[in-house]
Amino acid sequence: MVMVAMLLAVAPMKTAAVEEALVAVHGEAQRARVERGVRQVAALWRPTDGDLHAFCTAQFIAEPARLAMLLRRFEENLEQLDGHLLEIGRELRRPTDLEVGTVENVDRLFAAYDPAAHLVDDLFESKLAFVALLNFPSSRLDERLAEGPTWSRDQWAAARLTGRFARRVPADVQQGITAAQAAAELYIAEYNVWMHHVLSAEGARQFPSGKRLISHWNLRDELKANYADPQGLSKQRTIVRVMERIVTQTIPWAVIDNPHLDWNPFTNAVVPAAAESVEADAPKRAATPSGAKEPDVRYQRLLANALAQRKADPYSPMARSPIDRAFAMGAELPEARVRELLLSVLTSPQAAKVAAEIRRRLGRPLEPADLWYNGFLPRGRIAEAELDAKVRSRYPTADAFAKDIPRILTELGFAAERVKHLSERIKVDASRGAGHALQAARRGDFPRLRTRIEPGGMNAKGYNIAVHELGHNVEQVLSLYDVDHTLLSGVPNTAFTEAIAFVFQARDLELLGLGKPTPEDERLRVLNDFWSTWEIAGVALVDLDVWHWMMEHPRATPAQLRDATVRIATQTWREHYAPLLGGVDTPLLGIYSHMISYPLYLFNYPLGHLISFQIEEQLQRAGAIGPELERMAVQGAVSPDLWMTGAAGGPVSSAPLLRATEAALAK
Ligand SMILES: [Zn+2]
């Protein structure tokens, strides 16, 4: 059955007879619509769906008024489906997401259950997806980019409708993708390094007992924290060596998540750890030293992800490879343009100037570890304890924060009537986690601001997050309630809502009445953001190049993929990083865990930085935050370039980041 379906999807069934019959009924003027619609349906039709001819005859609509009605029906009904399913999921997760008493074991099972998981499958099964595909055009990314700027809002709404049905992946293929991804995530989740047992080049212990760091996030954050330590450089070099060993898979297999062994990553020697040095909470692992290297598991997992995703290619007529889908359906920017944006940061003259400023601040030549330099982050002007006390007394409960939202929005420049509109639609809950914003998907339901309230009240960290989440909530209300089509609710992609959230977050102290950031704080923030963008741009390029290599070498072994990854990472380093940071042959750029567990996602981070700067530059130009954000958000989920052109007068660009950096360097 699966084989038959695959063959049909690869070579769509012959549709000429159906097309001629429909043209005979509806007239020659409908030919183009008929051909496009019938072929869109046939590309995803399975034998079990029944009689294609009968379906098309019954459901094709030619009259403009009835077509408009059809679009409206889908819009209204999908809003109900999406909105209510989201609410059900939210309520099932109440006990695990909110501070509402003990979490029972069964609550975790309810939380893992997603009532919307099979919605798209169900819409195909019930033929509703096919009605949409028969009557409204699907578009490839290049078509949306070329024609989108001239489309009406109705045409955009129709494009978003058919976009939901751009692929129909069979259950077994989808399960394969999910399983490969879950295996990769588990591999990464257990990839811990016990730092007390990682020795310096001279064989000395440098890290405290109990420090267990997951790759790469904790390793990188520890490296950053080491800038505050006079002995930091030696630790940073050790961490870099650990990272390189992970990328090249020369790390001894036995030392991963194993504090029973001491490891020198410079010599790769492994010896039993002295009993008194082993942590009390150490996992049970062999204490017999072995230098046998990790057997390329990192690259087995990556290959498995790629192979599983390729199996979905035949069922995705608008984007026939995982890379195409990441750009066409995820970012909605062509890969060539994303690469250009990344390279414009990597090759910018600002990079060398910022590096020179870091060199001055550190008083030494730069090294590969300085890829993660974080010394630009301004030291807090107000002591953390003082800030905690201030926030705690102001926000003893989640409700106290909710009551203050109208004042916050007023200070951000929203008009009185909009303040009322927004604050009435944002509901605040006390969360178990650090905080998050949960959107709503139907009018009549409300976005949730989840914020962490410690026993005596909110602390400074929680407040900073809450202000960030409030930015998401404001965008969520505007792009659901105030957009003209709910099929267009939301933003082009997550980078846009993050950018709006950062606009709020950057003003958190100001909103507490503690004054604006000083010009020097601002200057340092810009330099820090530039350096982060420069760093992650190279990481993202490596991820893309590795995926292209996998597509070109479908029968590669994990060892071959390892060699290719090391080669790509090293070349990228040599070209863009070695001139400023030295370390000619380091494969450091291959360390990100996203490469293994979040395939083809990394390029979204540098894009996010660029979009943030572009929005922030526009807000400063306009001189008003509230009304300007509102004007931007009500555009809804059109393509990123179109949204940005409406918001800031031009497509997504690195120019605002580079301009801000240049200005910061000149100060
Ligand atoms: Zn966020």
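**View 1. Irregular arrangement of four donor atoms around the zinc ion in a predicted model.** In this predicted model, the angles subtended by the four donor atoms at the zinc ion run from 51 to 144 degrees, and the arrangement is therefore irregular (four donors are tetrahedral if all angles lie between 85 and 135 degrees, and square planar if opposite donors are over 155 degrees apart and all others between 65 and 115). The donors, meaning N, O and S atoms within 2.8 Å of the metal, are NE2 of His468, NE2 of His472 and two OE atoms of Glu498, at 2.1 to 2.7 Å. Local features need pLDDT of at least 70, and side-chain atom pairs count only at pLDDT 80 or more. Residues are numbered from 1 along each chain, and side-chain values use heavy atoms, without hydrogens and water.

**View 2. The donor residues His472 and Glu498.** The donor residues follow the spacing H-x3-H-x25-E, and the pair His472, in helix H22 (residues 460–481), and Glu498, in helix H23 (residues 494–505), links parts of the chain 26 residues apart (helices are DSSP runs of at least four residues, strands of at least two). His472 is buried at 7% relative accessibility, whereas Glu498 is partly exposed at 31% (buried is under 20%, exposed over 50%, partly exposed in between, with a 1.4 Å probe and protein chains only).

**View 3. Lining of the second largest cavity.** This cavity, a set of points on a 1 Å grid where a 1.4 Å probe fits but cannot get out, has a volume of about 50 Å³. Its lining residues, with an atom within 4 Å of a point, include Val193, Trp194, His197 and Asn258. Strand E1 (192–194) and strand E3 (261–264) each give two or more residues to this lining.

Methods. Donors are N, O and S atoms within 2.8 Å of the metal (3.2 Å for Na, K and Ca); water is not among the atoms, so sites may look incomplete. Four donors count as tetrahedral if all angles lie between 85 and 135 degrees; four count as square planar and six as octahedral if opposite donors are over 155 degrees apart and all others between 65 and 115; anything else is irregular. On a 1 Å grid over the protein atoms alone, a cavity is a set of points where a 1.4 Å probe fits but cannot get out, and a pocket is an open set with protein on both sides within 12 Å along at least five of seven lines; lining residues have an atom within 4 Å of a point. Grid points are joined across faces, edges and corners, and a volume is the space filled by probe spheres set on the points.
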